[in-house]
Structure formats: C-alpha cells, structure tokens
Amino acid sequence: MWQTGLMTTLPDGRRILFFDVDGTLIDSFPAIKASFLHALDEVGIPRPDAGFIASIAGPPMETTLGRLNTDPAVVTAAMEAYLAHQAHAAVGETRAFDGVGELLDELRAEGFYLSTATSKGEGICRRVLSHLGLLDKLDFIAAAEEFGGARRTKEQVIAFALDSLGLRERTADILMIGDRRHDIVGAAEFAIPTCAVTWGYGTAEEWDSAAWKADTTAELKEIIHDFAR
C-alpha cells in the first residue's frame, strides 16, 4: 500500500526504483495539452508552435508558462486556469501505458521497493493513479507539492523521497526510471543512475545521457534485473 510523507527505513540491500509518472507510467499528454491550451486562452497568451507544445510534459507547468510570459501575475492566473481544467481532464483523458501495471506487480513481488518521483502535483497524481489502478501497486508516493508549495522541481521531489525513506547514503541502491531530461538530470544531482524509457515524451538526445534505455516494459524489466545484480 502506498505511503506519502511518512518517515521509514528500508532494509539494507533492498533495491529501490523511483518512477517518473507522466510519460513513464501513464500517458497523460492529451490531458496536459488540453489544460495547457485552455490556460493560455483564458489569460490571452498566444498559443506556441507544435514543437513547444510537444515539450510541455515533464517540467513544472509554471516553469513552462513562464517561458511564454514573464509577468508573475499572468503566470499565476494561467496556473489557476490550468489546475481548474486538470481537475476533470486529468482523470478522463489519461491512460496507463500498456504493460505498466503488470510490470509493477512483478517487480514488487520480486522484492523491489517502488516509489514515484514526479513533479506532478500530489493531489492530481494520487487521483489519477488510483483511477487507473496503479496507486496500490506502489509503496511510496513522492510528488510535487501543489502550486505555491516549496517542493516543485524534480530535484526537490527526489530529495524529499530520499529523506522520507532514509536513503541519502544509499543512492547506489536506487534506479530512476523516466522519459525526460528532467528525470536524468534530477537524479544525477544525487548520483542516482537513470533508465530512460522511449514510450514517453522525451527525445533521443535526452535519452543519450541516461545509463540505460528501454523501448518496452520487457526491456525495462531486464535492465532492472541487471541493475540489481
């Protein structure tokens, strides 16, 4: 059963997997895109080109909006519109990637400790994972605080997970799994290796800096087993 915000200590030798959520466990891009465009229209920010839109899943949304308008008041209004739209779009327009649920079940049965490490807001994250039947397959939920909170970036979320689980001195036992450069760079801040998954929203250039790359859940499972040896 998942936990959040609870201090705990894992037995020595147990391997830990940190999973990104958007683009790794779930295909949430349709919902993110719809809410993003709605927010832009609400505050009058011109819609960017397709290349920009393709990159919006991953970093905190306020960071992305700030690239389009530097006025903090406009960014705040856009975030409020985005979150209001996400409240209903996030569940209705999101699906689990094929094979992810089965993979989590198998890894947990093999003794791996499964945590998220996502810059998705915790409330929406838990609601979507629960709706898709994935929440109870995870041991710990490390996610961003809601907009305005201190824990928003990938690095801050990973630090929260490490501190909550007592893993600051055990980063060699952790593998980060994600689809974007933010996952790879964020994990590298703590000397945590990353496996990039190619079914998400990243690019080949982003994946090149990961220690491993998986094209399917079957390949990911093999890489995890190699890491654990």
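This passage describes the nonpolar cores and a set of parallel strands in a predicted model. Residues are numbered from 1 along each chain as its sequence is written. Local features need pLDDT of at least 70 and side-chain atom pairs count only at pLDDT 80 or more, while totals for chains, interfaces and linings use all residues; side-chain values use heavy atoms, with hydrogens and water left out.

The largest nonpolar core (buried Ala, Val, Leu, Ile, Met, Phe, Trp, Tyr and Cys residues joined through side-chain atoms within 4.5 Å; buried means under 20% relative accessible area with a 1.4 Å probe, protein chains only) comprises 51 residues. Among those with the most contacts inside this core are Leu-17, Phe-19, Ile-177 and Leu-220. At least three of its residues come from each of domain 1 (16-27 + 95-228) and domain 2 (29-93), with bounds taken from an automatic or database domain assignment. A second, separate core of 21 residues includes Phe-160 and Leu-167.

Strand β7 (residues 174-178) and strand β8 pair in the parallel sense over 3 bridges; strands are DSSP runs (E, at least two residues) numbered from the N terminus, and pairing requires at least two DSSP bridges. Ile-177 stands opposite Cys-195 in β8, and Cys-195 is also among the residues that Ile-177 touches (heavy atoms within 4.5 Å). In β8 (residues 194-197), Thr-194 and Ala-196 point one way and Cys-195 and Val-197 the other, and all are buried. Strand β9 (residues 212-214) runs parallel to β8, joined by 3 bridges, with Val-197 opposite Ala-214.

Key: Buried means under 20% relative accessible area, exposed over 50%, partly exposed in between (1.4 Å probe, protein chains only). Helices (H or I, at least four residues) and strands (E, at least two) are DSSP runs, numbered from the N terminus. Lists of a residue's contacts leave out its neighbours within four places in sequence.
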